[in-house]
Amino acid sequence: MTELVGFLVIDKPAGFTSHDVVMRVRRLVGKTVKIGHAGTLDPAATGVLPIALGSATRLIDQLVEARKGYLGVVRLGVQTTTDDSEGEPIATRPVPAITVADLEAVLAQFRGTIVQQPPVFSALHVDGQRAYTLARAGAEITLEARPVRIDQLMLVSYDPPDLVIAVECGKGVYIRALARDIGTALGCGGHLAALQRTFVGPFRLEQAIPLAELTDRASLIRHLVPPDTVLSDWPVLKLSAADVRKICHGMAIPATDLDAPRARAYDPTGKLIALLHRDGMYWRPVKVFT
């Protein structure tokens, strides 16, 4: 039987949690195959959700740190409890006359490194509990604002009261909070009415598979992406059989003339066997996949 190792790039439909998608895949591969997802999408959101299978689950951290892209619809004039359309309205204000220049000026405030207040209904922990659990129980909580990085924030269209934005950002950014803050900066409030994730690291929406197309194990195997796809910016190191044995036993090997602080190592058959970091004159294993 084919070893199931790699990533599935799923186009998550609205109405499914990320966990729902994992469970759908698990029913196709069985309980013995490790599965994990990279980057939670809220149930109402759609788009790219990478699912790791087998030893590829050990590479999920590479995607957590990767840049992500989103297309969001900000509905101006209505604030909600959750900062998205799942929550109850808490304030409604008329949307003023806004020009494209006004919008561009406001969006410019949110580019680069900004300090963002996470939504109260979030998965962050407060005193050992999820913030959304406390919020649902009626607790009044305040989450500490934190610095996040927004690399690109573009105006796609404006058809009042809906503003469509394209965002590229690092980890930890809440697009819901961004929508809320854009509404506040425009003086009328707002919330995130719709969200689609367009990419996660190297995985793009154009290559994503609709969840409904994963009907059996064969369809899953057809769409499996090699695990080292997420390591495309890591230099390659091809090892001898003797060095493979040392690395697989956690031993260091003499560094080659490859001038890099890190490398992905392959055995003579071309199989990815480890991630290495350079320690002076030696390569030391960070993760071993055999």
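Which residue does Asp233 meet in a salt bridge? I looked this pair up before anything else. The side chain of Asp233 meets that of Arg262, with 3.3 Å from N to O. Asp233 sits in the loop between helix 6 (217-222) and strand 15 (236-238), while Arg262 belongs to strand 17 (residues 262-266), so the pair ties together parts that are 29 residues apart in sequence. I also checked how open the two partners are. Asp233 is exposed, with a relative accessible area of 54%, and Arg262 is partly exposed at 30%. A note to keep in mind for every entry here: I am reading a predicted model.

**Entry: the whole chain**

I stepped back for an overview. I found seven helices and 19 strands in the chain. The C-alpha trace spans about 70 × 45 × 40 Å along its principal axes. The chain has 290 residues, and 44% of them count as buried. I then turned to contacts between residues with a separation of 6 or more, and 67% of those contacts come from residues 24 or more positions apart. For the surface, I noted about 14400 Å² exposed by the chain, with 54% of that area supplied by carbon and sulfur atoms.

**Entry: charges and salt bridges**

I went on to the charged side chains. The chain carries 32 positive and 30 negative side chains, and I noted that the centres of the two sets are 8 Å apart. Side chains of opposite charge can pair when their charged atoms come close. In this structure I have 13 salt bridges on record.

Two more of them went into the notebook. Arg149 and Asp151 form one, with their closest N and O atoms 3.0 Å apart. Asp151 counts as partly exposed, at 30% relative accessibility, and Arg149 is also partly exposed, at 41%. Arg180 and Asp181 meet in the other, at 2.8 Å from N to O. Is Arg180 buried or exposed? With a relative accessible area of 12%, Arg180 is buried, because buried means under 20%.

I returned to the Asp233 pair, where Arg262 is partly exposed at 30% relative accessibility. After that I looked for bridges that share partners, and I found Arg67, Arg149, Asp151 and Glu168 joined into one network.

**Entry: the nonpolar cores**

Which residues touch the most other members of the largest nonpolar core? That core has 44 residues, and the answer is Leu8, Val25, Ile51, Leu53, Ile165, Val167 and Ile182. I followed Ile51 further. Setting aside residues up to four places away in sequence, Ile51 touches Gly6, Phe7, Leu8, Ile10, Val21, Val22, Val25, Ile35, Gly36 and His37. Apart from this core I found another, of 21 residues, including Val5, Val9, Ala52 and Leu275.

**Entry: Leu153**

I looked up Leu153 next and found this residue in strand 10. Leu153 counts as buried, with 0% relative accessibility. What is Leu153 in contact with, leaving aside its neighbours within four places in sequence? I listed Leu107, Phe110, Arg111, Ile165, Ala166, Val167 and Leu178. I also checked Leu153 against Gln109: the two are 44 residues apart in sequence, and their C-alpha atoms are 9.8 Å apart in space.

**Entry: Ala137**

Ala137 was my next stop, in the loop between helix 4 (131-136) and strand 10 (146-159). Is Ala137 buried or exposed? Ala137 counts as exposed, at 66% relative accessibility. I then took its separation from Pro226, which is 89 residues away along the chain, and got 43 Å between the C-alpha atoms.

**Entry: backbone details**

I finished with two spots on the backbone. Which form does the peptide bond from Pro160 to Pro161 take, cis or trans? I noted it as cis, with omega near 5 degrees. Pro161 is in the loop between strand 10 and strand 11 (162-169).

The other spot is Asp83, where phi is near 70 degrees, a positive value in a residue other than glycine. I placed Asp83 in the loop between strand 5 (78-80) and strand 6 (89-92). Asp83 is buried, with a relative accessible area of 8%.

How values were computed
Residues numbered from 1 in each chain as written. Predicted model: local features only at pLDDT ≥ 70, side-chain atom pairs only at ≥ 80, totals over all residues. Heavy atoms only, no water. Helix = DSSP H or I, 4+ residues; strand = E, 2+ residues; numbered from the N terminus. Buried < 20%, exposed > 50% of the residue type's maximum accessible area, 1.4 Å probe, protein only. Contact = heavy atoms within 4.5 Å. Areas by Shrake-Rupley, 256 points an atom, 1.4 Å probe, with all protein chains shown as cover. Lys, Arg positive; Asp, Glu negative; His and termini not counted. Charge placed at Lys NZ, Arg CZ, Asp CG, Glu CD. Salt bridge = Lys/Arg side-chain N within 4 Å of Asp/Glu carboxyl O. Core = buried A, V, L, I, M, F, W, Y, C linked by side-chain atoms within 4.5 Å.
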